[in-house]
Amino acid sequence: MSRTLDDANREISRVRQMPYGLARTQAAERQVRLVDAEGPDAARAYALSTLVEAYQWGGEVDRSFVAFARLLRWWDEHPEHFDAQDRHALFWSFKWMVSALADFPTVPAEQIDRTLADMERRYALAGNGMDAVAYERFAWARQRGTADAETAYQAWVATPRDDWSQCEACDPGDRAAWLLATDRVPEGIRLIEQTLTQDPSCASEPADMLSYLAEAYLDTGRPRDAARAHRRAVAALAEAESDMVGARGRRIRLLARGGQPDRALRAIEADQQYLTGGDTPYSRLAFSRLVGAATHVLRPEHGDRPLRLDRVPAATVAELDDWLRAQAGELAARFDERNGTPSETEAVERAWRTEPAADVLDLDVLPRGLGSASAAGGGAAAPSPHLAPADEVGAHGAGRGTHAQHAAPDALVAEAERLVAEGDPEAAAAAYLDAAVAAEHAGLLADSGFAYAEAAHCAQVLGDDDGASAGYAAAVPRLRAGGLPPAVVAPVVVQWARAAAATGDAAAVLSETDDLTASLAARLDAPPAADEDRAEALVAREQAADRRAAADLEDAAARLLATLGGDGRAQDAAARAQRAAEAYAALGAPVDAAHAFWLAGRLHDGLGRVDEAVWHLESAVEGFTAARQRGPRGEAANDLVDVLRRSGQDARADELARSLTS
């Protein structure tokens with residue numbers, strides 16, 4: 001029985017609600033097959049545009065060309081089957097096609113020119129504005145490095161915006177990028193600063209423009225502004241929907257040039273998948289150039305530093321630098337042959353002439369070594385290490401520092417909370433640090449521990465994982481020495497584990513998780529105290545809190561071990577993740593259980609254990625489905641479909657795709 005138009009549109013809309021990835025792509029492919037087989041014709045444009053979008057943003061850009069060609073042919077043959085939304089999707093997708101074609105060196109320049117001309121012709125026939133066409137002409141000239149790029153830029157910015165223009169966040173970002181690249185740095189900085197006051201947001205912004213701004217500040221002698229822009233860029237990057245190789249690469253280059261080798265190397269390790277797995281050949285070239293600039297800067301003093309890389313044949317900075325130079329050079333030559341200019345090769349040569357910045361970035365929100373003085377030993381903490389004058393901690397920072405030990409801890413905590421509420425976590429971290437010192441001098445170890453933990457959290461929000469780890473390391477022994485039960489200390493250790501996962505410093509955290517887990521188990525196994533004043537309901541709540549804390553610690557340890565690499569650690573992490581999942585399920589926390597099952601499934605997949613990976617990933621999908629968590633369900637389904645396809649279980653993958661839209 002054929003579907004009605006409403007039924008087809010409803011199922012296609014469900015596909016569009018899924019996160020990008022294999023599951024969404026295969027669900028979109030299925031919808032196109034259904035429309036082809038049984039109609040209705042009025043749903044074909046919607047199905048095809050959904051498939052184009054799935055390919056474009058799901059890491060299979062090259063496959064979008066055929067789907068778009070089908071969509072365009074359907075428009076030529078049956079425009080009556082396109083409603084207003086279908087028509088807008090068609091002309092919007094045209095922009096993706098032009099830029100995507102340019103990102104593959106195997107596509108001849110003549111074909112891209114013809115596609116641009118066809119886009120302009122069709123826009124004119126449809127009565128559309130020409131801003132999108134002008135932008136694509138500029139982008140193509142910029143990528144080729146032709147002499148008319150500036151003329152194309154001026155033509156674009158002079159063209160009025162219309163319904164097919166880039167979003168209001170991307171537009172100024174691309175203009176600023178060109179201004180910065182053509183030595184109009186003050187103008188580029190002003191444009192980004194003005195745009196940021198409007199709080200722009202889209203799939204790539206403000207992360208992209210902030211990454212440009214941070215480096216522009218560094219190059220113009222404004223390292224403190226560069227640090228602030230960098231922190232904002234990192235926070236925005238965490239929310240971005242696309243691979244963002246440009247912003248990621250500029251972040252790495254900034255860290256290397258700004259005298260932050262440890263952070264730069266950790267960022268390379270974290271983003272190593274883009275060295276070989278970008279969406280297009282051009283994205284791999286761009287990322288290779290940016291990271292290559294960083295390794296070139298780091299190589300003289302850090303060439304022998306080891307790197308944990310499993311995507312490329314390199315074990316040190318020097319080896320990665322050589323590998324990147326070879327890869328970038330080969331890709332650049334292929335693009336230059338297609339483009340008819342030496343632009344890409346020249347850009348590679350410039351990357352490997354990159355110099356360190358004149359200023360060193362200070363990205364430490366908290367000083368290192370806060371945990372060196374153990375409160376358990378009974379010694380008083382040193383005075384607050386934050387002794388900077390007021391103008392170095394923001395407008396709210398006056399009056400703190402050397403006198404912190406004489407101020408009332410409650411007043412300092414209140415000030416810190418006010419600063420957090422006002423959106424100034426950097427100044428709040430300093431206030432919490434002073435509160436921690438004041439509380440310890442007053443003999444309030446638990447209060448001191450909580451203040452250290454809050455300061456660490458502020459540092460974590462701002463991307464200072466080293467400072468956050470130091471803050472949590474100071475917090476935990478004070479909380480324990482203050483006599484707090486393990487269930488109260490556990491959340492701080494969980495946060496500490498997240499910081500340690502970024503810094504690679506895991507031993508102390510794993511030791512704390514094991515100690516606290518043992519303490520929780522002992523409390524749960526102990527016979528109930530003969531205390532008539534403790535109601536049965538209170539005892540039950542305490543036991544539930546202990547079980548929850550134990551599950552959280554198991555999950556945190558699993559995630560920390562998973563970041564360290566190595567089959568032995570991965571096996572331990574998978575076992576801990578499964579135990580956490582089972583504990584969460586017993587506690588009636590299905591979403592947390594699903595996340596733990598998801599982690600275990602990914603770990604088993606990495607270990608080559610297909611059956612275990614499938615079982616755990618299926619458990620994750622079922623858990624997210626039951627909890628109506630569409631986003632995580634789709635992402636876990638992407639991983640499950642990938643495992644099923646790679647292991648030849650196509651029928652099960654097809655069945656999963658059907659279930660996701662039914």
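What share of the contacts in the protein chain with a separation of 6 or more is accounted for by residues 24 or more positions apart? In this predicted model, such residues account for 64% of those contacts.

**The chain as a whole**

The protein chain is built with 29 helices and 0 strands. A compact globule of 662 residues would have a radius of gyration near 26 Å, and the value of 28 Å for the protein chain agrees with this. Taken along the principal axes, the C-alpha atoms fill a box of roughly 85 × 65 × 45 Å. Of the 662 residues, 52% are buried, while the accessible surface comes to about 28,800 Å², with 50% of that area belonging to carbon and sulfur atoms. The protein chain carries 70 positive and 105 negative charges, and the mean positions of these two sets are 3 Å apart.

**Two mostly covered helices**

Helix H9, which runs over residues 170-181, has 12 residues that should span 16 Å at 1.5 Å a residue, and its end C-alpha atoms are indeed 16 Å apart. H9 is mostly covered, with 10 of its 12 residues buried; among them are Cys170, Pro172, Trp178, Leu179 and Leu180, together with the acidic residues Asp171 and Asp174. The cover over these buried residues includes helix H7 (131-144), helix H8 (149-158), helix H10 (185-196) and helix H11 (207-219). H9 is followed by Asp183, whose phi is positive, near 65 degrees.

Helix H13, residues 245-257, likewise reaches a length close to expectation, since its 13 residues extend 18 Å from the first C-alpha to the last, against the 18 Å expected at 1.5 Å a residue. H13 is also mostly covered, as 11 of its 13 residues are buried, and these include Arg248, Arg250 and Arg257 as well as Val245, Ile252, Leu254 and Leu255. The buried residues of H13 pack against H11, helix H12 (223-237), helix H14 (261-270) and helix H15 (281-302), so that H11 appears among the partners of H13 and also in the cover of H9. Just after H13, Gly259 takes a positive phi of about 75 degrees.

**A buried glutamine in H7**

Is Gln143, a residue of helix H7, buried or exposed? Gln143 counts as buried because its relative accessible area is 12%, which lies under the 20% cut-off. Leaving aside neighbours within four places in sequence, Gln143 is in contact with Ala102, Asp103, Tyr282, Phe335, Arg338, Asn339, Ser343 and Glu344.

**Backbone features in the loops**

Two peptide bonds that lead into proline are cis: the bond from Gly39 to Pro40 has omega near 0 degrees, and the bond joining Glu205 and Pro206 has omega of about 10 degrees. Pro40 lies in the loop between helix H2 (22-38) and helix H3 (44-57), whereas Pro206 is found in the loop between H10 and H11.

That loop between H10 and H11 also holds Asp199, and Arg628 is found in the loop between helix H27 (610-626) and helix H28 (630-646). Each of these two residues is other than glycine and has a positive phi, as the table sets out.

| Residue | Phi | Relative accessibility |
|---|---|---|
| Asp199 | near 55 degrees | 65% |
| Arg628 | near 60 degrees | 77% |

Asp199 counts as exposed because its relative accessibility is 65%, and Arg628 counts as exposed because its relative accessibility is 77%, both values being over the 50% cut-off.

Notes: Residues are numbered from 1 along each chain as its sequence is written. This is a predicted model: local features need pLDDT of at least 70, side-chain atom pairs count only at pLDDT 80 or more; totals for chains, interfaces and linings use all residues. Side-chain values use heavy atoms; hydrogens and water are left out. Helices (H or I, at least four residues) and strands (E, at least two) are DSSP runs, numbered from the N terminus. The radius of gyration is taken over C-alpha atoms; the globule rule is 2.2 Å times the number of residues to the power 0.38. Buried means under 20% relative accessible area, exposed over 50%, partly exposed in between (1.4 Å probe, protein chains only). Contact means heavy atoms within 4.5 Å. Accessible areas come from the Shrake-Rupley method with a 1.4 Å probe; for residues, only the protein chains shown count as cover. The place of a charge is taken as NZ of Lys, CZ of Arg, CG of Asp or CD of Glu. The expected span of a helix is 1.5 Å times one less than its number of residues.
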